Amino acid sequence: MATKTATKTATKTAAKTAAAAPAPAPAKKAAAKKAAAAAKPSLTKAEFIETIAKDFDLSKARAGDVLELLVETIKKQTKKSGAFTLYGLGTFKVVKRAARKGRNPRTGEEVKIKASKTVRFQPSPKFKESL
């Protein structure tokens with residue numbers, strides 16, 4: 001009988017402690033994710049243009065034009081043929097997403113999500129190997 005009472009008391013104490021501890025606020029979680037993402041080294045578009053300009057002895061304006069041409073070519077070819085492969089880097093591929101049901105996180109209400117298209121990138125084996 002004494003062990004049942006001790007178990008009930010321990011369970012009640014644990015429940016009170018869990019209820020008393022404040023849950024982390026969603027804003028704090030989002031801020032923590034942003035801080036983690038900011039800690040990762042990344043190359044901005046301006047830094048990328050600067051690197052191209054320096055490596056190929058081009059002006060920054062000309063290097064920017066080269067980068068814009070590359071991006072526009074990838075977009076046009078992916079849209080036109082459904083895929084664009086840059087050997088040594090990988091493949092950009094258009095994929096279709098089926099319509100589905102989702103949930104509004106704020107209200108919990110069920111929401112219809114329309115079918116859509118998106119682009120996926122699949123790195124080449126050479127690129128994966130280099131990592």
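This text walks through a three-stranded sheet, the helix lying across it and a nonpolar surface patch, all in a predicted model.

The sheet is open, with its three strands in the order β1-β2-β5 and antiparallel pairing. Strands β1 and β5 (116-123) are at the edges; each has a single partner strand, so one side of each lacks a neighbour in the sheet. From one strand to the next, the twist averages 25°.

Begin with the pairing of β1 (residues 83-86) and β2 (residues 90-97). β1 and β2 run antiparallel and are joined by four bridges. Within this pairing, Phe 84 is placed opposite Phe 92 of β2. The hairpin made by β1 and β2 has three residues between the strands, and Gly 88 there adopts a positive phi near 90°.

On to the pairing of β2 with β5. Eight bridges connect β2 and β5, again in the antiparallel sense. Val 94 has Val 119 of β5 as its bridge partner.

Helix α4 covers residues 60-81 and lies across β1, β2 and β5. The helix runs at about 135° to β1.

Last comes the surface. Leu 70, Leu 86, Leu 89 and Phe 121 make a nonpolar patch of about 290 Å². One of these residues, Leu 86, belongs to strand β1. How exposed is Leu 86? Its relative accessibility is 30%, so Leu 86 counts as partly exposed, a class that lies between buried, under 20%, and exposed, over 50%.

Conventions: Residues numbered from 1 in each chain as written. Predicted model: local features only at pLDDT ≥ 70, side-chain atom pairs only at ≥ 80, totals over all residues. Heavy atoms only, no water. Patch = residues over 30% accessible without salt bridge, like charges linked within 9 Å, V, L, I, M, F, W, Y side chains within 5 Å. Areas by Shrake-Rupley, 256 points an atom, 1.4 Å probe, with all protein chains shown as cover. Salt bridge = Lys/Arg side-chain N within 4 Å of Asp/Glu carboxyl O. Helix = DSSP H or I, 4+ residues; strand = E, 2+ residues; numbered from the N terminus. Buried < 20%, exposed > 50% of the residue type's maximum accessible area, 1.4 Å probe, protein only. Pairing = 2+ DSSP bridges. Axes fitted to C-alpha atoms, helices over the stretch in contact; angles between N-to-C directions. Contact = heavy atoms within 4.5 Å.
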